[in-house]
Amino acid sequence: MSSDPTVDSTVKQWKPYRRADDFGTPAAQSDVSVSLTIDGQAVTVPEGTSVMRAAIEAGVSVPKLCASDSLEPFGSCRLCVVEIEGRKGFPASCTTEVAEGMQVSTQTPAVANLRRNVMELYISDHPLDCLTCPTNGDCELQDMAGAVGLREVRYGYDGANHLSAEKDKSNDYFTFDPSKCIVCSRCVRACEEVQGTHALTIDGRGFASMVAASDDVPFFDSECVSCGACVQACPTATLAENSLIEMGQPEHYAITTCAYCGVGCSFRAEMKGEQVVRMVPNKDGHANHGHSCVKGRFAFGYATHPDRITSPMIRDSIHEPWRKVGWDEAITFAAGRIQAIQQQHGPLSVGGITSSRCTNEETYLVQKLVRAAFGNNNVDTCARVCHSPTGYGLKTTLGESAGTQTFDSVLDADVIMVIGANPTDAHPVFASQMKRRLRAGAKLIVADPRAIGLVRSPHIEAKHHLQLRPGTNVALVNAMAHVVVTEGMEDQGFIEARCDTDAYETWRTFIAKPEHSPEHSESITGVPAAEVRAAARLYAEAGNAAIYYGLGVTEHSQGSTMVMGIANLAMATANLGKLGGGVNPLRGQNNVQGACDMGSFPHELPGYRHISDPAVRGEFESCWGVSLLPEPGYRIPNMLDAAVNGEFKALYVQGEDVAQSDPDTQHVTAALRALDCLIVQDIFLNETAKYAHVLLPGSTFLEKNGTFTNAERRISPVRKVMQPVAGLEDWEVTCALSNALGYPMHYEHPRDIMAEIAALTPTFSGVSYDLLDRRGSVQWPCNAERPEGTEIMHEETFPIGKGHFAPTPFVATDERTTRKYPLLLTTGRILSQYNVGAQTRRTSNINWHDEDRVEIHPEDAELRGIADGQWVGITSRVGETVMRAVVTDGVLPGVVYTTFHHPESGANVVTTENSDWATNCPEYKVTAVQVVPVSQPSDWQQRHADFSDRQEEALASATRVETTTS
Ligand code: SF4
Ligand code: SF4
Ligand code: SF4
Ligand code: FES
């Protein structure tokens with residue numbers, strides 16, 4: 001373990017994880033208790049508990065191989081047999097439920113004998129190359145052989161050892177070694193029950209039976225999505241992580257939080273020294289309950305990728321090579337530039353962008369730096385381009401800018417409506433939980449222009465897929481609400497008790513107008529009226545109906561209107577303030593929620609309190625010791641426009657890549673070029689950093705302490721398990737810059753920053769690192785009234801008192817198809833990649849998605865003479881780019897779709913400056929385009945390639961200078 005005092009004290013000695021604290025079967029959920037005796041010991045457990053679990057909970061160990069408490073009981077290995085007074089034979093304890101008065105014996109001679117016989121059979125068919133086996137020391141078969149006291153194998157050891165069986169190494173992250181398989185089916189069941197993909201099966205019978213990816217193809221070519229659940233479940237070395245095979249067993253671990261999506265999965269970072277051996281999903285993680293996806297589980301290699309920026313660098317112009325300098329010189333250079341610019345162009349000529357990938361503490365410090373050290377409110381965050389309408393819409397209607405539920409709440413939903421989100425790709429672990437509920441019978445409504453994966457998957461079929469035209473969300477939600485009120489399905493009791501009835505009456509009159517009927521809206525949305533009516537009835541009469549939405553809701557010219565429309569629908573049907581209901585924005589990046597909570601917006605201080613409120617401002621002024629400007633500062637689009645106009649001169653960007661992620665790339669890069677000083681703090685030379693004058697090395701989530709807040713408002717710890725490659729954590733860099741600017745910032749540890757956040761933010765006042773250590777995580781609001789946090793919001797009342805129904809008139813976007821641009825482009829994400837791809841493209845995840853492609857309907861493709869895989873030009877009124885086509889009926893005729901994970905594909909060269917009326921969130925989801933076959937990259941792509949090459953060379957020559965002078 002590290003002796004570095006800043007390495008978190010919660011780093012623990014490693015112990016085998018597979019068998020640690022596994023109770024064999026899931027916990028039973030019952031208020032009824034059952035009492036029995038196990039080996040003479042009195043035990044009381046909830047009804048429905050297995051005998052195995054009751055025994056293990058009471059401290060009585062029972063051998064097992066096919067059982068795991070992450071899976072339903074299966075009863076195939078027969079190792080867990082027991083004797084039960086009055087019952088014949090030897091029942092398997094994993095599949096036998098407790099009964100009142102039952103007397104169980106787990107250790108009789110007959111039971112021991114039977115177990116040894118079972119083990120003999122397993123061992124006679126096993127390679128027994130334990131000393132060279134990757135899971136030596138963490139193998140349940142080894143343990144069980146010891147536990148049952150196996151001393152001889154009557155069938156001999158020269159049975160089939162299967163060592164000639166070919167290993168499946170098709171997946172870069174794990175290996176399938178069939179020689180070691182004991183056919184316990186745990187992997188198959190994990191894939192079905194935990195992940196919901198059903199990619200595995202057992203082929204053959206008896207000793208010849210074998211696990212196989214369905215269709216009997218290698219793992220990589222199968223339906224497997226590389227979530228790792230089967231690897232986690234496997235009790236032997238049959239399925240093992242390649243990193244474990246290469247490095248051997250870990251030495252220590254720390255509990256930390258995934259730095260990818262907004263699910264916020266908890267992981268054990270299992271380490272050897274400062275090397276990650278593997279990331280194991282934490283069974284006690286409240287957001288993921290031991291599950292993971294390919295990104296968090298396996299795609300951590302970017303942290304040690306040779307492309308990491310490892311030294312601060314400066315240059316006077318973007319046409320010069322970088323000069324590698326020490327931290328002091330870089331910080332002095334950056335601070336000097338900012339001060340000079342402010343002297344010449346005024347205090348408002350500089351600003352900063354916080355990161356949704358950095359910790360709460362880091363984000364808080366960047367906005368503090370801008371407000372206190374820069375002396376203005378020109379701070380914004382990438383939530384501007386994703387979920388800012390959520391903030392506006394939910395705050396207006398419900399009074400708080402956050403999702404209302406825990407993820408677990410979905411297990412109580414009777415109807416799940418997914419609008420403009422693609423959880424299986426963008427929020428995969430939550431999608432698995434959602435799928436579990438859907439397989440158990442909940443009904444699904446999907447509103448999306450594309451047939452996302454959820455619409456039809458094993459044992460799941462959406463009851464309604466409302467395949468609407470891009471840009472018509474508001475017309476659709478209004479039509480659903482129209483059905484609710486005109487067919488008398490509103491919950492009058494809830495409305496009268498919990499909502500502003502005057503606002504409700506106004507809204508009701510508005511929504512009941514014939515122009516909002518499904519029949520009228522059909523020509524706008526393209527969704528048949530009968531389908532809308534049926535979906536509205538299903539939602540309204542569900543009992544518990546939950547809405548989950550994503551960027552397909554927010555990234556529109558009416559993003560904020562749609563969020564309010566969703567909240568109206570939930571209020572009208574009383575689907576708020578209870579388990580199984582709610583309105584839930586699925587946040588894209590790991591800390592979007594946190595970045596917003598921490599006061600990253602130009603108009604809001606931490607806790608969503610307006611900068612113009614003198615009382616709120618006064619609290620911060622007295623704590624920070626400065627005067628704050630009462631007027632909101634620039635949003636990102638304003639900063640970019642002002643830069644192009646020559647009024648905005650310097651920008652500090654921590655952990656964001658506006659040059660790739662923001663719309664109308666050519667406008668963004670023109671703005672970046674126009675800056676006199678661009679300071680980028682990042683882990684790689686991203687697209688924005690290519691325009692920088694100061695490049696400050698960022699630290700990954702493995703290199704720092706802090707917290708992330710996920711989409712369910714859950715604050716979870718991030719733990720330092722290795723030193724930052726350039727010596728400083730991101731928060732330390734912000735402090736250094738602030739100090740150099742003359743505004744002192746001194747913290748010993750991020751826990752001190754959190755203490756300041758808690759002191760200044762009412763919804764965080766109970767949050768502390770001690771609380772997180774004790775609970776693992778906590779959902780805000782966490783304060784004196786709710787010291788253990790808040791799982792479900794709005795149970796009794798709304799933060800604004802009464803829920804506010806807001807009229808939501810549909811206004812068609814200005815972005816319309818024309819003869820010149822006859823198709824509508826919409827964009828989205830793919831499972832293996834994360835946002836701009838800077839991290840995931842530097843891992844083996846690239847194997848699943850090595851380029852962005854544009855999906856086009858067969859009719860549109862045929863009309864244009866486009867074949868699958870062909871290069872096509874996509875042209876909008878602002879730009880052109882070239883990608884390969886995928887011809888698919890997954891998109892509607894008239895709609896094309898692409899991902900945006902690769903900079904050279906230039907998806908945002910095409911997207912326009914249109915934005916949400918309330919928040920300026922860009923209208924990524926609707927761009928009128930033409931698509932035609934082409935034979936060469938676009939002009940932009942050629943210019944981009946030239947510029948990128950020059951910048952890579954500038955970086956490489958900086959490295960060479962240091963190499964030759966050292
Ligand atoms: S990695 Fe996940 S999806 Fe793939 S086979 Fe295993 S459990 Fe199934
Ligand atoms: S691969 Fe592992 S989990 Fe799957 S059946 Fe074989 S031993 Fe069991
Ligand atoms: S990317 Fe998201 S779903 Fe995947 S492990 Fe990380 S937090 Fe979980
Ligand atoms: S653990 Fe009970 S039958 Fe396998």
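**Close-up 1. Elements lining the second largest pocket of the predicted model.** α11 (423-426), α12 (428-439), β19 (456-457), β33 (853-856) and β36 (895-899) each contribute at least two residues to the lining of this pocket. α12 gives the most, with four residues. The pocket has a volume of about 980 Å³. Its lining comprises 41 residues, and Val225, Thr424, Asp425, Ile830 and Leu831 are the closest to the pocket centre. Sorted by class, the lining holds 17 nonpolar, 14 polar and 10 charged residues.

**Close-up 2. The surroundings of ligand 1.** Four cysteines belong to the shell: Cys191, Cys224, Cys227 and Cys230. Phe174, Leu200, Phe219, Val225, Ser226, Gly228 and Ala229 are also around ligand 1. Nine residues of this shell are nonpolar and two are polar. Charged residues are absent from the shell. Val225 appears here and also among the residues closest to the centre of the second largest pocket.

**Close-up 3. The shell of ligand 2.** Ligand 2 is surrounded by 13 residues. The closest are Cys181, Cys184, Ser185, Cys187 and Cys234. The shell divides into nine nonpolar, three polar and one charged residues. Cys187 has a relative accessibility of 7%, so this residue counts as buried.

**Close-up 4. The shell of ligand 3.** Cysteines 258, 261, 265 and 293 are found around ligand 3. The other residues around ligand 3 are Tyr260, Val263, Gly264, Phe267, Lys295, Gly296, Pro428 and Val429. α7 (294-298) and α12 are the elements that give two or more residues to this shell. α12 therefore takes part in the shell around ligand 3 as well as in the lining of the second largest pocket, where α12 supplies four residues. By class, the shell around ligand 3 has nine nonpolar, two polar and one charged residues.

**Close-up 5. Strand β18 and its two parallel partners.** Strand β17 (residues 415-419) runs parallel to β18, and five bridges join them. Within this pairing, Val415 has Lys443 of β18 as its bridge partner. Strand β21 (residues 464-466) also runs parallel to β18, with three bridges between them. Here Ile445 is matched with His464 of β21. β18 spans residues 443-447; four of its five residues are buried, so the strand is largely enclosed by the rest of the structure. In a regular strand, side chains alternate between the two faces of the sheet.

**Close-up 6. Cysteine 623, outside any disulfide.** The whole structure contains zero disulfides. For Cys623, the nearest cysteine sulfur is that of Cys735, 13 Å away. Cys623 is partly exposed, because its relative accessible area is 40%.

**Close-up 7. Lysine 272 in strand β11.** Lys272 lies in β11, which covers residues 266-272. With a relative accessible area of 27%, Lys272 is partly exposed. Thr354 is 82 residues from Lys272 along the chain, and 33 Å separates their C-alpha atoms.

How values were computed:
Residues are numbered from 1 along each chain as its sequence is written. Chains are lettered from A and ligands numbered from 1 in the order in which they are written. This is a predicted model: local features need pLDDT of at least 70, side-chain atom pairs count only at pLDDT 80 or more; totals for chains, interfaces and linings use all residues. Side-chain values use heavy atoms; hydrogens and water are left out. Buried means under 20% relative accessible area, exposed over 50%, partly exposed in between (1.4 Å probe, protein chains only). Two strands pair if DSSP finds at least two bridges between them. On a 1 Å grid over the protein atoms alone, a cavity is a set of points where a 1.4 Å probe fits but cannot get out, and a pocket is an open set with protein on both sides within 12 Å along at least five of seven lines; lining residues have an atom within 4 Å of a point. Grid points are joined across faces, edges and corners, and a volume is the space filled by probe spheres set on the points. Ala, Val, Leu, Ile, Met, Phe, Trp, Tyr, Cys and Pro count as nonpolar, Asp, Glu, Lys and Arg as charged, and the others, Gly among them, as polar. A residue is near a molecule or strand if one of its heavy atoms lies within 4 Å of it. A disulfide is a pair of cysteine sulfur atoms within 2.5 Å.
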